[in-house]
Amino acid sequence: MSIDSIVNYSHEERVQQFLLLLKDPDVQPVIRMYIENIIATSDSNILKRLAALETVVGLNDFADFENEEKMSIPEQISLLSKRIDTITELSEMIL
């Protein structure tokens, strides 16, 4: 099928043809590669921003390979919880 054969299709028909192509197992790897390339080369730095978010929330598995000076949110919560427990215990001993 050449591009000339679909030029005369209506908008809806072209969309349906595209949706059928998306479901084609031979076309899916090409589309996946195209999307991955867009994500990797985006001016929005999608991968860099995602990695930063993973580090902040403590969900990255590669933290051992980096020098992290910032504590993740779960680590901060744990530290604050321990501090609150210590203060609570001290205030109960005083009272």
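The secondary structure of this predicted model boils down to five helices and zero strands. Read from the N terminus, the elements simply go α-α-α-α-α. Burial is scarce: of the 95 residues in the chain, just 3% count as buried. The chain exposes about 8800 Å², and 61% of that comes from carbon and sulfur atoms.

Part of the surface is a nonpolar patch made up of Tyr34, Ile35, Ile38, Ile39, Ile46 and Leu47, which together offer about 540 Å² of accessible area. Two helices, H3 (28–41) and H4 (46–57), each put at least two residues into the patch. The biggest giver is H3, with four residues. On the H4 side, Ile46 is one of the patch members, and this residue sits within the helix itself. Ile46 has a relative accessible area of 37%, so it ranks as partly exposed, since that class covers values between 20% and 50%. The 37% also clears the bar for patch membership, because residues need over 30% relative accessible area to be included.

Between H3 and H4 comes a loop, and Asn45 is found there. Its backbone is a bit out of the ordinary: Asn45 has a positive phi of about 55° despite not being a glycine. Most residues other than glycine have a negative phi. As for cover, Asn45 has a relative accessible area of 41%, which means that it too is partly exposed.

H4 itself passes a simple length check. At 1.5 Å a residue, its twelve residues should span 16 Å, and the C-alpha atoms at its ends lie 17 Å apart, so the two values agree. The expected figure is 1.5 Å times one less than the number of residues. Right after H4 comes Gly58, which also has a positive phi, in this case near 75°.

Further along, the loop that links H4 to helix H5 (73–94) holds Ser72. This serine is buried, because its relative accessible area of 5% is under the 20% cut-off. What does Ser72 touch, once its neighbours within four places in sequence are left aside? Its contacts are Thr55, Val56, Val57 and Gly58. Gly58, then, is both the positive-phi residue that follows H4 and one of the contacts of Ser72.

Technical notes
Residues are numbered from 1 along each chain as its sequence is written. This is a predicted model: local features need pLDDT of at least 70, side-chain atom pairs count only at pLDDT 80 or more; totals for chains, interfaces and linings use all residues. Side-chain values use heavy atoms; hydrogens and water are left out. Patches are made of residues with over 30% relative accessible area and no salt bridge: like charges are joined within 9 Å, nonpolar side chains (Val, Leu, Ile, Met, Phe, Trp, Tyr) within 5 Å. Accessible areas come from the Shrake-Rupley method with a 1.4 Å probe; for residues, only the protein chains shown count as cover. A salt bridge is a side-chain nitrogen of Lys or Arg within 4 Å of a carboxyl oxygen of Asp or Glu. Buried means under 20% relative accessible area, exposed over 50%, partly exposed in between (1.4 Å probe, protein chains only). Contact means heavy atoms within 4.5 Å.
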